[in-house]
Amino acid sequence: VVDQKTQVPPDELDNDWEDDADVQMVEAEGGWMAVRTSAVEDQASAIQLIFMLAQSMSELFYPFVKETVSRLGELLVSPFEDVRGYSMAVVPEIIRAVAKAGFSQEPCCANANKAELLEITGTAIQWLCDVVREEEELELIMTGLQGLSRLIRSVNVDWQNSAPATGEAAKVATPDEAESKLEPNTSRRLLTLAQMELVTDLCRQLLRESLQRRAVARAESQVGVDPGAPVSEEDALEDAQLAELSKELHFNIAELVGELFKAHGPDYFPIYRAHWHESVLTMGHVLSLKEDRLFAALILAEALEFGVACDDAPRTNPNPNPNPNPPPDEAGKAAVADFLLSSIGGDQQGVNVVSLLLSGVTERGQGTAKLRQACAYTIGVAAGRLPHAFLSAAGAGAARECLSSLSSCIHAGEGPGEPRGTCTDTAASSVGLLLEQLQRLTASGGADSVDLEGVPPLN
């Protein structure tokens with residue numbers, strides 16, 4: 001069914017083809033072509049079934065991978081949206097099948113190997129990046145980004161030693177995390193530097209184009225418009241849909257960058273510093289739109305949790321004579337502090353990671369709960385993983401300022417229509433992390449005691 005022809009050759013068109021309900025003219029490269037809609041629908045349905053089979057069969061789909069891959073290249077550039085969309089969804093399922101087959105004892109997976117996985121992965125990443133780069137439909141762009149995220153997860157998870165989430169963790173895990181959690185210390189780290197840069201370039205291009213579309217739409221909405229004239233319902237609906245799609249696109253970009261951090265950790269950090277950091281600080285400025293500040297906070301959360309190499313948090317050492325408070329690596333702490341304090345144009349009074357987070361967690365107004373939650377979560381990540389560097393970078397009184405900001409966030413709660421509890425629960429969790437690390441640091445002499453006078457009570 002996938003291989004059947006959808007195009008109707010010109011010499012086969014009847015003079016009365018316009019009366020044929022199964023024939024439709026569609027725009028294609030270089031002009032127009034006649035297609036049989038029934039064949040297109042059958043083709044899309046067949047690819048959808050292949051996607052469902054690959055997803056449900058997992059590594060048992062491995063024997064069919066080569067045949068599927070041999071047809072995907074053409075289908076990914078089909079002029080039909082449904083065909084392109086389902087084809088993009090199939091790609092990461094193929095990678096997952098090959099990756100899991102390499103660790104399977106099933107007879108049908110006996111020939112699966114790492115070299116084959118790396119080859120197919122390289123082809124798949126190039127395919128998806130090329131297709132998404134040329135795609136015009138935002139929904140399909142997001143399908144491609146989600147495919148890349150799932151691909152990166154599937155190829156890098158250590159399927160042999162991984163275990164599915166259980167208990168409470170399984171209740172809050174995404175479908176991928178429920179199957180196997182990906183993080184730098186367990187990742188196979190199979191992407192090349194060139195592949196990480198290719199994905200990064202794609203994300204940056206999509207973000208630039210999205211911001212340009214938003215700016216143009218806002219400018220056009222103001223041209224020749226009487227400020228007192230009512231906006232038509234159609235225009236208002238179109239603007240609202242574009243705004244929501246843009247937010248969703250930015251979230252998908254942040255999620256993809258997060259998968260790169262989870263898969264390669266500190267190995268991806270130099271790429272982030274070179275290509276992302278200045279843009280993140282610019283978007284996170286207190287004068288930026290709240291959706292841009294949210295995007296910046298989401299990226300910073302991934303960078304601090306998975307990308308920063310210096311893990312200076314006091315923790316139990318597995319040696320027979322454990323030292324629960326090992327001294328931090330001074331060089332690593334300085335590198336992290338430099339990252340936390342780096343600001344646009346080198347102006348140390350300008351926006352930096354610390355000021356971005358503190359301003360976000362104390363933001364007020366309708367629709368800011370997600371921003372406050374993201375910033376509160378990131379402060380907790382910084383306090384939990386990097387307490388020495390974070391508190392020293394933030395300067396004197398940093399702990400008190402963080403506690404005060406988080407306490408204010410808890411008291412503010414959520415506004416009407418915002419999800420109840422999500423923001424306050426996250427802020428409360430970060431308070432706990434910060435207090436726990438402060439107790440350890442003060443006990444080991446790594447920090448002075450904190451005067452909590454004036455900090456709003458948490459009850």
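Ser 58 counts as buried at 7% relative accessibility, where buried means under 20% relative accessible area, exposed over 50% and partly exposed in between (1.4 Å probe, protein chains only). Ser 58 lies in the loop between helix H1 (37–57) and helix H2 (65–75). Leaving out residues up to four places away in sequence, Ser 58 touches Leu 53, Arg 96, Ala 97 and Lys 100; contact means heavy atoms within 4.5 Å.

The model is predicted, so that local features need pLDDT of at least 70 and side-chain atom pairs count only at pLDDT 80 or more, while totals for chains, interfaces and linings use all residues. Residues are numbered from 1 along each chain as its sequence is written, and side-chain values use heavy atoms, with hydrogens and water left out.

**The chain as a whole**

The protein chain has 18 helices and three strands. Helices (H or I, at least four residues) and strands (E, at least two) are DSSP runs, numbered from the N terminus. Of the 459 residues of the protein chain, 46% count as buried. Among contacts between residues at least 6 apart in sequence, 74% join residues at least 24 apart.

A second serine, Ser 430, is found in helix H18 (residues 422–443). Ser 430 has a relative accessible area of 3% and is therefore buried. Apart from neighbours within four places in sequence, Ser 430 is in contact with Ala 376, Tyr 377, Gly 380 and Leu 406.

**Helices H12 and H14**

Helix H12 (residues 290–307) packs against helix H14 (residues 353–361) at an angle of about 125°, and their axes are 11 Å apart. Axes are lines fitted to C-alpha atoms, for helices over the stretch in contact, and angles run from 0 to 180 degrees between N-to-C directions. H12 and H14 are therefore oblique to each other; angles under 35 degrees count as roughly parallel, over 145 as roughly antiparallel, 65 to 115 as roughly perpendicular and the rest as oblique. From H12, the contact is made by Arg 293, Ala 296, Leu 300 and Leu 304, and from H14 by Val 353, Leu 356, Ser 359 and Gly 360. These residues divide into five nonpolar, two polar and one charged. Here Ala, Val, Leu, Ile, Met, Phe, Trp, Tyr, Cys and Pro count as nonpolar, Asp, Glu, Lys and Arg as charged, and the others, Gly among them, as polar.

**Salt bridges**

The count of salt bridges comes to twelve, each being a side-chain nitrogen of Lys or Arg within 4 Å of a carboxyl oxygen of Asp or Glu. Three that involve helix H12 are tabulated below.

| Pair | Closest N to O | Citation |
|---|---|---|
| Asp 292 and Arg 214 | 2.8 Å | salt bridge |
| Lys 262 and Glu 302 | 3.2 Å | salt bridge |
| Arg 293 and Glu 363 | 2.9 Å | salt bridge |The pair of Arg 293 and Glu 363 links distant parts of the chain, 70 residues apart: Arg 293 is in helix H12, and Glu 363 is in the loop between H14 and helix H15 (369–385). Arg 293 counts as buried at 4% relative accessibility, whereas Glu 363 is partly exposed, with a relative accessible area of 22%. Both Asp 292 and Arg 214 are buried, as are Lys 262 and Glu 302. Lys 262, in helix H9 (residues 233–264), and Glu 302, in helix H12, are 40 residues apart. Elsewhere, Glu 93, Arg 96 and Arg 150 are linked in a network of salt bridges.
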